[in-house]
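Here's a quick briefing to keep next to the model while you click around. Have the viewer open and follow along.

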Amino acid sequence: MVADDDGVQRRSKATIIGILIGPGQSMTLPSPRMDKSAVAKFVTNKMCPYAQKAWIALEASDTKYSMTEVSLYGNGGKPAWFMKLNPAGTVPILVCDSDNVYPDSELILDYIRDNTALHSSAVDNHNVDEKKVQLWRDVLSQKIIPIGKKAVLGGSANQLFDLLQHLDDNVEGPYLCGNTITVADCAVFPFIWRINDEFGLQDGSKLKTWLELCMDTSCFKKTIQRSWWWWW
């Protein structure tokens, strides 16, 4: 297990599927291209960074969706219909139809990558380098999230600043992987935005230039909240 989408724990894809279909059963998670006339149901909490990255991807890919917000904490508890969709009790969840429920931000990003035009409509015939996209997603989960948490909770920020410098060297420009928005930008933005709000990025750095571009781009800007959570 690694950090979860609501900031506690996040299970592997295999574990998530096991929870949904029950022990002793097997299923290949389907990934059909959604009918353009269909409207997906997006279940979220707008303050959660994991949910935010899926929200950005939905916006960037022009996916048709309706949004339902749930409260993850408080006396009311989580509604039964929500727990039925995802017994782990975490957001986000994307419901495409009764047979296609994606109860995790990484699964949602994979779905959008594989079944929408986001990665196939790159500008200027620029082909998306999927290896670079995956590298950014891996760096997010393996380095940005744990090192950022350590810095915010009172550990030395030097390790975070060293990481940010390394990340800066790997920004292709204008977006993380080149000329077009990819799921890498969608995934990384909520976390770098929070780090910048807390510590500030270096003026003139490629990472800050990328962040400012995203903040001025509608699919990112729409998801920025005045009140927000960290990722734990």
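What follows goes from the overall fold to the sheet, the charged pairs and the aromatic rings.

This is a predicted model, in which local features need pLDDT of at least 70, side-chain atom pairs count only at pLDDT 80 or more, and totals for chains, interfaces and linings use all residues. Residues are numbered from 1 along each chain as its sequence is written, and side-chain values use heavy atoms, with hydrogens and water left out.

**Overall layout**

- The chain has nine helices and four strands, where helices (H or I, at least four residues) and strands (E, at least two) are DSSP runs numbered from the N terminus.
- Going along the sequence, you'll meet them in the pattern α-β-α-β-α-β-β-α-α-α-α-α-α.
- Of the 232 residues in the chain, 49% are buried; buried means under 20% relative accessible area, exposed over 50%, and partly exposed in between (1.4 Å probe, protein chains only).
- Take the contacts (heavy atoms within 4.5 Å) between residues at least 6 apart in sequence: 69% of them join residues at least 24 apart.
- For one example of two sequence-distant residues, look at serine 227 and methionine 47: they are 180 residues apart along the chain, yet their C-alpha atoms are separated by 6.5 Å.
- Serine 227 is found in the segment after α9 and counts as partly exposed, at 48% relative accessibility.

**The sheet and two helices lying across it**

- Four strands make an open sheet in the order β2-β1-β3-β4, with mixed pairing; two strands pair if DSSP finds at least two bridges between them.
- The edges are β2 (65-69) and β4 (100-102), each of which pairs on one side only.
- Neighbouring strands are turned by 15° against each other on average, direction ignored; axes are lines fitted to C-alpha atoms, for helices over the stretch in contact, and angles run from 0 to 180 degrees between N-to-C directions.
- Strand β3 (residues 93-97) pairs with β4 in the antiparallel sense, over three bridges.
- Aspartate 97 stands opposite asparagine 100 in β4.
- Helix α2 lies across β1 (40-44), β2 and β3, and runs at about 155° to β1.
- Helix α4 lies across β1, β3 and β4, at about 45° to β3.

**Salt bridges**

- You'll find eight salt bridges in the structure, each one a side-chain nitrogen of Lys or Arg within 4 Å of a carboxyl oxygen of Asp or Glu.
- Glutamate 106 bridges to lysine 53, with the closest N and O atoms 2.7 Å apart.
- Glutamate 106 lies in helix α4 (residues 105-115) and lysine 53 in helix α2 (residues 49-60), so this pair ties together parts that are 53 residues apart in sequence.
- Both partners, glutamate 106 and lysine 53, are buried.
- Arginine 113 bridges to aspartate 110, with 3.4 Å between the closest N and O atoms; the two are three residues apart in helix α4, or about one helical turn.
- Arginine 113 also bridges to aspartate 114, here with the closest N and O atoms 2.8 Å apart.
- How exposed are these three? Arginine 113 is partly exposed at 23%, aspartate 110 is buried at 14%, and aspartate 114 is partly exposed at 40% relative accessible area.
- Salt bridges link Lys53, Glu106, Asp110, Arg113, Asp114 and Arg137 in a network.

**Aromatic rings**

- The count comes to twelve aromatic pairs; rings of Phe, Tyr and Trp (its six-membered ring) pair if their centres lie within 6.5 Å, with planes under 30 degrees apart called stacked, over 60 edge-to-face and the rest tilted.
- Tryptophan 193 and tryptophan 228 are one edge-to-face pair, at 5.6 Å centre to centre and 80° between the planes.
- That pair links distant parts of the chain, 35 residues apart: tryptophan 193 is in helix α7 (residues 183-199) and tryptophan 228 in the segment after α9 (218-221).
- Tryptophan 193 is buried, with a relative accessible area of 11%.
- Tryptophan 230 and tryptophan 231 have ring centres 5.4 Å apart and planes at 75°, so this pair is edge-to-face.
- Tryptophan 230 is buried at 18% relative accessibility, and tryptophan 231 is buried at 2%.
- Ring pairs join Tyr50, Phe191, Trp193, Trp228, Trp230 and Trp231 into a cluster.
- Lysine 41 lies over the face of tryptophan 81, 4.5 Å from the ring centre; the rule here is NZ of Lys or CZ of Arg within 6 Å of the ring centre and within 35 degrees of the ring normal.
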